[in-house]
Amino acid sequence: MGRDETGNSFLDNILGKTRRRKPAEAVLPPNSTLGMLDRLHAGEHPDFCLYLRPAGGGAIVNTGPLAVDLEDLLGKALAPLPMVVLDEYGRGPSDSPLPDEAFLLLANKARILCLAPTADARFVLRLRIIKALGPLSRCIFLMPEAGTLGSADWPGVWPAAKEAVGSLGIELSGYTPGGWLFRIDKGGKAVTFRPIVNPNPEKIARALEGICGEME
């Protein structure tokens, strides 16, 4: 954190190293994680949603005609608000997670944040930072239906996630099949549940609108 002997901030150094690894003519995608950090660092004020891809998230395993990709539908429902995907699990062995300072910048500048609770230590750390220093009131939480978000067994992992975030003073409800979006109130309790069973972009957009309308 802070500045080093050259006077550069930690974020300056992260972005500088990223640029040096790329050819001179390469440009960071503007809505990638590092691209958005670059824009914020340059003084821009873009609107975006920060999506924390969970461990076991990403592309769904079942690619059949009836398969549902909740992450893809979420991005379509948010449009034209771009969704910046922070994936700290699909990285190479030599890559380090995003520094806390850079994560907090993204979290505080995002219009909303979307996240699916897990017991993963990295997620719990990120949620701890959001609760202590960031915009918990602008977070929209996902309770995914089984088979709609990556390879995670959501009914199976939810109890451990509930216990893990409970240590932060956040009270989740028990798992309910069908798929839900919800928020956390000032007392740390899950509220404003909106169903997204058999999801499509329009249904998710209505759920997002309903939850955002209740945000304090």
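Which residue takes a positive phi in the hairpin of β5 and β6? We will meet the answer in the second view; the model shown throughout is a predicted one.

**View 1. An open sheet of 6 strands sets the scene.** Reading across the sheet, the strands come in the order β2-β1-β3-β4-β5-β6, and their pairing is mixed. At the edges stand β2 (83-86) and β6, each with a single partner strand, so one side of each is left without a neighbour in the sheet. From one strand to the next, the twist averages 25°. For a look at parallel pairing, turn to β1 (residues 49-52) and β2, which are joined by 4 bridges. Here L52 has L86 in β2 as its bridge partner.

**View 2. Strands β5 and β6 form a hairpin.** Strand β5 covers residues 180-184 and strand β6 covers residues 190-195; the two pair in the antiparallel sense over 4 bridges. To find one of these contacts, locate R183, whose bridge partner in β6 is V191. Between the strands there are 5 residues, and the answer to the opening question is G188, with a positive phi near 85°.

**View 3. Aromatic rings meet around β5.** The whole structure holds 5 aromatic pairs. In one of them, W158 and F182, the ring centres are 6.4 Å apart and the planes stand at 75°, so the pair is edge-to-face. This pair links distant parts of the chain, with W158 in helix α6 (residues 154-166) and F182 in strand β5, 24 residues apart. W158 counts as buried at 1% relative accessibility, and F182 is buried with a relative accessible area of 1%. Another pair, W180 and F193, has ring centres 6.3 Å apart and planes at 80°, so it is edge-to-face. Since W180 lies in strand β5 and F193 in strand β6, this pair ties together parts that are 13 residues apart in sequence. W180 counts as partly exposed at 23% relative accessibility, and F193 counts as partly exposed at 27%. Ring pairs link F141, W158, Y175, W180, F182 and F193 into a cluster.

**View 4. The largest cavity has a volume of about 60 Å³.** A search of the whole structure turns up 2 cavities of 30 Å³ or more. Around the largest cavity you will find L52, R53, P54, L86, E88, Y89, R122, F123 and R126. Helix α5 (residues 121-133) provides the largest share of this lining, 3 residues. By class, the lining has 5 nonpolar, no polar and 4 charged residues. Two of its residues, L52 and L86, are already familiar as bridge partners from the first view.

**View 5. The second largest cavity holds about 30 Å³ of space.** Its lining is made up of L70, P144, E145, T148, G178, G179, I196 and P199. These divide into 4 nonpolar, 3 polar and 1 charged residues.

**View 6. The second largest pocket offers about 160 Å³ of space.** Look for D47, A77, L78, L81, R111, I112, A205, L208 and C212 along its lining. Helices α3 (70-78) and α7 (201-212) each supply at least two of the lining residues, and α7 gives the most, with 3 residues. The lining of this pocket has 7 nonpolar, no polar and 2 charged residues.

Technical notes: Residues are numbered from 1 along each chain as its sequence is written. This is a predicted model: local features need pLDDT of at least 70, side-chain atom pairs count only at pLDDT 80 or more; totals for chains, interfaces and linings use all residues. Side-chain values use heavy atoms; hydrogens and water are left out. Two strands pair if DSSP finds at least two bridges between them. On a 1 Å grid over the protein atoms alone, a cavity is a set of points where a 1.4 Å probe fits but cannot get out, and a pocket is an open set with protein on both sides within 12 Å along at least five of seven lines; lining residues have an atom within 4 Å of a point. Grid points are joined across faces, edges and corners, and a volume is the space filled by probe spheres set on the points. Ala, Val, Leu, Ile, Met, Phe, Trp, Tyr, Cys and Pro count as nonpolar, Asp, Glu, Lys and Arg as charged, and the others, Gly among them, as polar. Axes are lines fitted to C-alpha atoms, for helices over the stretch in contact, and angles run from 0 to 180 degrees between N-to-C directions. Rings of Phe, Tyr and Trp (its six-membered ring) pair if their centres lie within 6.5 Å; planes under 30 degrees apart count as stacked, over 60 as edge-to-face and the rest as tilted. Buried means under 20% relative accessible area, exposed over 50%, partly exposed in between (1.4 Å probe, protein chains only).
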